[in-house]
Amino acid sequence: MSLTNNCVLPALRREDYSKEVLLAALLLKDEDQKELFQLARERRLAHFPDNRAQVRSVIEVSNVCRQKCNFCAIGGKDQAFNYTLNARQMEMLIDFLYQKGRRVVLLQSGENISDQFIADVTEALWTSKREHPDLRLILCMGDLDYNQYHQLYEAGAQDYILKFEASSSRLFDYCKPNDSLPNRMKCIMDLATIGFRVGSGNIVGLPTQTLDDLVDDLILAHQLPLAMNSTTIFVPAENTPFANEPAGDPNLTLNMMALLRIMNPQRLMPTTSSLEKMIPDGQFLGLMAGANTVTIHDGTPAELEKHFPIYSAKRIRPQIDHFRDILTRAGMKTDNIS
């Protein structure tokens, strides 16, 4: 028997995260959804009493990718231009952001496992941490081997984002034919063992995904040793096998965010640019659903931005004024958004 809506919030408040409760919570709408978001914000405030958001700047350091996932345009057959920044270019961009007041910088790339690329990232990390000891460096570079992860950690990277994308092996294999869920789980555990603060999460709306899949995603994210979790809405990317599939449901994505916050109140969670693309005021709504991290797209050289399309060649790349506005409206604070 399914739960009635008026039973869901009390169950979540007493930390009942059974599949029945989570399934009902994912479907909440209107006033019930507002109450879900309110609970998420209460949980966030309990663990982040200063109500402060982390601000990251991102540098997309390479669009070379061996994965060729069905939902992502990076590394696809129609990618006309490949680029990889060298160590000195990365160092200059990190220093540029530091001088602007940024203290958290995310280096993002496709899954580029070349020895030269890993060496360049390592050198950039060493140099940047030596020059700016208070800088927090996050990596999002895909599946690497244990030794490569360890090398990057020793060079000064503190956080690593590696989304599991889907907890269902069937769905994972369908969306990521060149990877496997066991391998991705091994990478996540390797990162945690080495000492990284790990971020992971899923995508809402992948083709053939079910509500039961999403419930299992919530449970897996809750069980993993994470410091950060996230959920991203599926956006059909041009020139990919999933280009003509329907987009994910923004309300389902927001409910997923709220549940991730409720279940894991101590973790950082971003409000993503893909959500802003899919629904008006999407990133503000993400903050209202419990997010407490924003990413400013001010690190990638302008001439390279179009060559890192991920979910679309027409990506949303939020800048400072946008975040000032939504953080103010959400009643949140931050130290480094000048």
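**Close-up views of helices α3, α10 and α4**

**View 1. Helix α3 passes helix α10 in a left-handed crossing.** In this predicted model, α3 covers residues 30-47 and α10 covers residues 250-263. The two helices pack at an angle of about 35°, and their axes lie 8 Å apart. From α3, the contact draws on Q33, L36, F37, L39, A40, R43 and R44. Their partners on α10 are N251, L254, N255, A258, L259, R261 and I262.

**View 2. Helix α4 has the span its residue count calls for.** Here we turn to residues 87-99. At 1.5 Å a residue, these 13 residues should span 18 Å, and the end C-alpha atoms of α4 are indeed 18 Å apart, so the two values agree.

**View 3. One face of α4 is lined by its buried residues.** Look for A87, M90, E91, L93, I94, L97 and Y98, which are buried. Seen down the helix axis, the buried residues fall within an arc of 165°, so they line one face. An α-helix has 3.6 residues a turn, so residues three or four places apart point the same way. On the other side of α4, you will find R88 and Q99 exposed. The buried residues pack against three strands, β1 (54-62), β2 (104-109) and β3 (136-140), and against helix α5 (115-131).

**View 4. N86 caps the N-terminal end of α4.** A side-chain oxygen of N86 sits 3.2 Å from the backbone nitrogen of R88. R88 is also one of the exposed residues of the helix.

**View 5. G101 follows just after α4.** This glycine takes a positive phi of about 105°.

How values were computed
Residues numbered from 1 in each chain as written. Predicted model: local features only at pLDDT ≥ 70, side-chain atom pairs only at ≥ 80, totals over all residues. Heavy atoms only, no water. Helix = DSSP H or I, 4+ residues; strand = E, 2+ residues; numbered from the N terminus. Expected span 1.5 Å × (residues − 1). Buried < 20%, exposed > 50% of the residue type's maximum accessible area, 1.4 Å probe, protein only. Arc of directions from axis to C-beta. Contact = heavy atoms within 4.5 Å. Polar contact = N/O pair within 3.5 Å; in protein donor to acceptor, adjacent residues only side chain to side chain. Axes fitted to C-alpha atoms, helices over the stretch in contact; angles between N-to-C directions. Left-handed = near helix turned anticlockwise from the far one by under 90°.
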